[in-house]
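Let's walk through this structure together, starting at the surface and working inwards. Keep the viewer open as you read.

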Amino acid sequence: MIIEVIYNNITTEMLEIIRKIRRKSLASEIIFYKGKKNVIIADNMKIWEENDENKDPLEEIYNAKIIELVEQIGKLPSVY
């Protein structure tokens, strides 16, 4: 899974999220881009945005992984 960190100013909250992602080995790559707002994206799915208190970023990463696995299962040939 590729994580994209788009930042205007890197905040301590962003650094804490990135540390959690690295500790749990959830990403194969973490790419940083300079942008207009602070956002973290995993596999083209927004998992965190600045001032978004409702979402848990790690839970959103797990959701992105589940979606990826379901898509892979859908591509498996039928046995029946």
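On the surface, I10, L15 and F32 make up a nonpolar patch whose combined accessible area is about 240 Å². Patches consist of residues with over 30% relative accessible area and no salt bridge, where like charges are joined within 9 Å and nonpolar side chains (Val, Leu, Ile, Met, Phe, Trp, Tyr) within 5 Å. A salt bridge here is a side-chain nitrogen of Lys or Arg within 4 Å of a carboxyl oxygen of Asp or Glu, and areas come from the Shrake-Rupley method with a 1.4 Å probe, with only the protein chains shown counting as cover for residues.

This is a predicted model, in which local features need pLDDT of at least 70 and side-chain atom pairs count only at pLDDT 80 or more, while totals for chains, interfaces and linings use all residues. Residues are numbered from 1 along each chain as its sequence is written, and side-chain values use heavy atoms, leaving out hydrogens and water.

I10 sits in the loop between β1 (2-7) and α1 (12-23); helices (H or I, at least four residues) and strands (E, at least two) are DSSP runs, numbered from the N terminus. Its relative accessible area is 41%, so I10 is partly exposed, the class between buried (under 20%) and exposed (over 50%), with a 1.4 Å probe and protein chains only.

Now turn to strand β3 (residues 39-42). In a regular strand, side chains alternate between the two faces of the sheet. Here V39 and I41 point one way, I40 and A42 the other, and all are buried. β3 runs antiparallel to β1, joined by four bridges (strands pair if DSSP finds at least two bridges between them), and V5 has I40 as its bridge partner. β3 also pairs with strand β4 (residues 45-49), again antiparallel over four bridges, with I41 opposite K46. Two residues lie between the strands of this hairpin, where D43 takes a positive phi near 50°.

What lies inside? The largest nonpolar core has 15 residues, of which I3, I21, I40 and I61 touch the most other members. Such a core is a set of buried Ala, Val, Leu, Ile, Met, Phe, Trp, Tyr and Cys residues joined through side-chain atoms within 4.5 Å. β1, α1, β3, β4 and α2 (57-74) each give two or more residues to this core, and α1 supplies the largest share, four. Beyond its neighbours within four places in sequence, I40 has contacts (heavy atoms within 4.5 Å) that include I3, M14, I17 and W48.
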